[in-house]
Amino acid sequence: MRILAAMSGGVDSAVAAARAVEAGHEVVGVHLALSRAGETLRTGSRGCCTIEDAMDARRAADRLGIPFYVWDFSERFRDDVIDDFINEYQAGRTPNPCMRCNEKIKFAALLERALELGFDAVCTGHYATLVSTDEGLELHRASDNAKDQSYVLGVLTAEQLAHTYFPLGSTPSKALVRAEAAERGLSVAQKPDSHDICFIPDGDTRGWLAEKVGTATGEIVDRSGAVVGSHEGAHGYTVGQRRGLHLGVPAPDGKPRFVLEVRPVSNTVVVGPKEALAIAEISGERFSWAGAAPTESEFSCHVQIRAHAEPEPAVAFVSDAGVRVVPERPLNGVAPGQTAVLYVGTRVLGQFTIDTTVSAVPVGA
């Protein structure tokens, strides 16, 4: 096959490209330039898609003896990921930029260009596996549960799965990938993994949003509507947040309070006790299936609401209006805008963006 290897500059994508070469495929490496800030440099494990990463990717490609290019996707990334991130926070929702990047950039914009240029598939260093069945390809968890990235790939469609290649999915551990990189003479063998939001490398999401959309003083209220504090912009808060509230009125029981709801129209943040974060039901209108769609409108599954959250047993209900999921036990701190990924066993069945939640604790309780 003709393979386009997406090379981020990290060890995973470098080893994935190496395995594609070793498997006999015709491989071309490409690094995606997602930022216009050309002077940006990486700091330890913070940030990604920087000049340093591009240079690391080029060195890996040279070591593998494959052609290498840098493609400027910064405008598309700004429109589909960064602007979406800002808009979602302004709407009182909690977006997942990594999910949007996979959906809109790596497996849409990049894959589209790859197919136009005659490539058969895009290869990445994601930890996930593809299983071929009579009904087509299925997306499954990786062998290494600690590194499994199937959650952030839940947005992929059957057509996209048909043109993807995940060489690392069956690798038992990340340590083996690093050891393999060292054996192959790849300079990124011990490079730290990136974390945090790539376009907010210092991790200060609230400060970054304040720079982009400004500040606006508003009220922090409890569930009865009583004012207990103030803030400089509801967009700087997310459901489940505890730190940084700076409340002027303590809770009657003296216990910490958490953000329960963000109301952007009134620029209000609602806080309450931890137990009020329990959610009995979630639903969403925007959904997709990673392969064959379920044949039943009601079925048992597991639902995962964060990349590193434990999957919870649940029952899903599917209709033309969307997907509704009722977990066996309440979920904790779910925010509209998050992505719920549905699993049956190790298989990723599909995903939906959470629009509404139903509290397991009545307001008066």
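Which residue stands opposite glutamate 298 in β15? The close-ups below answer this and visit other parts of this predicted model.

**View 1. Strands β14 and β15 run antiparallel.** Here we meet β14, made of residues 298-304, and β15, made of residues 312-319. Six bridges join the two strands. To settle the opening question, look across from glutamate 298: the residue opposite is phenylalanine 317 of β15.

**View 2. A hairpin links β15 to β16.** Stay with β15 and follow the chain onwards: two residues make up the connection to β16. Strand β16 covers residues 322-327, and its pairing with β15 is antiparallel, with six bridges. One pair to look for is valine 315 with its bridge partner in β16, valine 326.

**View 3. Four strands make an open sheet with mixed pairing.** Reading across the sheet, the order is β9-β8-β11-β10. Strands β9 (227-231) and β10 (258-263) each have a single partner strand, so they stand at the edges, with one side of each left without a neighbour in the sheet. From one strand to the next, the twist averages 30°. Inside this sheet, β8 (residues 218-221) and β11 (residues 268-272) run parallel and are joined by two bridges. Valine 221 can be found opposite valine 270 of β11.

**View 4. Helix α3 packs against helix α7.** Two packed helices are described by the angle between their axes and the distance between the axes. For α3 (residues 74-90) and α7 (residues 205-213), the angle is about 95° and the axes are 11 Å apart. The two helices are therefore roughly perpendicular to each other. On the α3 side, the contact is made by Ile82, Phe85, Ile86, Tyr89 and Gln90, while α7 brings Thr205, Trp208, Leu209, Lys212 and Val213. Sorted by class, the contact has seven nonpolar residues, two polar ones and one charged one.

**View 5. Five aromatic residues form one cluster.** The members are Phe77, Phe85, Tyr89, Phe199 and Trp208. You may recognise Phe85, Tyr89 and Trp208 from the contact between α3 and α7. Across the whole structure, a search finds eight aromatic pairs. In one of them, phenylalanine 199 and tryptophan 208 are tilted, with 50° between the planes and 5.3 Å centre to centre. Are these two partners buried or exposed? Phenylalanine 199 has a relative accessibility of 14%, so this residue counts as buried. Tryptophan 208, with a relative accessible area of 13%, is buried too.

Terms used: Residues are numbered from 1 along each chain as its sequence is written. This is a predicted model: local features need pLDDT of at least 70, side-chain atom pairs count only at pLDDT 80 or more; totals for chains, interfaces and linings use all residues. Side-chain values use heavy atoms; hydrogens and water are left out. Two strands pair if DSSP finds at least two bridges between them. Axes are lines fitted to C-alpha atoms, for helices over the stretch in contact, and angles run from 0 to 180 degrees between N-to-C directions. Angles under 35 degrees count as roughly parallel, over 145 as roughly antiparallel, 65 to 115 as roughly perpendicular and the rest as oblique. Contact means heavy atoms within 4.5 Å. Ala, Val, Leu, Ile, Met, Phe, Trp, Tyr, Cys and Pro count as nonpolar, Asp, Glu, Lys and Arg as charged, and the others, Gly among them, as polar. Rings of Phe, Tyr and Trp (its six-membered ring) pair if their centres lie within 6.5 Å; planes under 30 degrees apart count as stacked, over 60 as edge-to-face and the rest as tilted. Buried means under 20% relative accessible area, exposed over 50%, partly exposed in between (1.4 Å probe, protein chains only).
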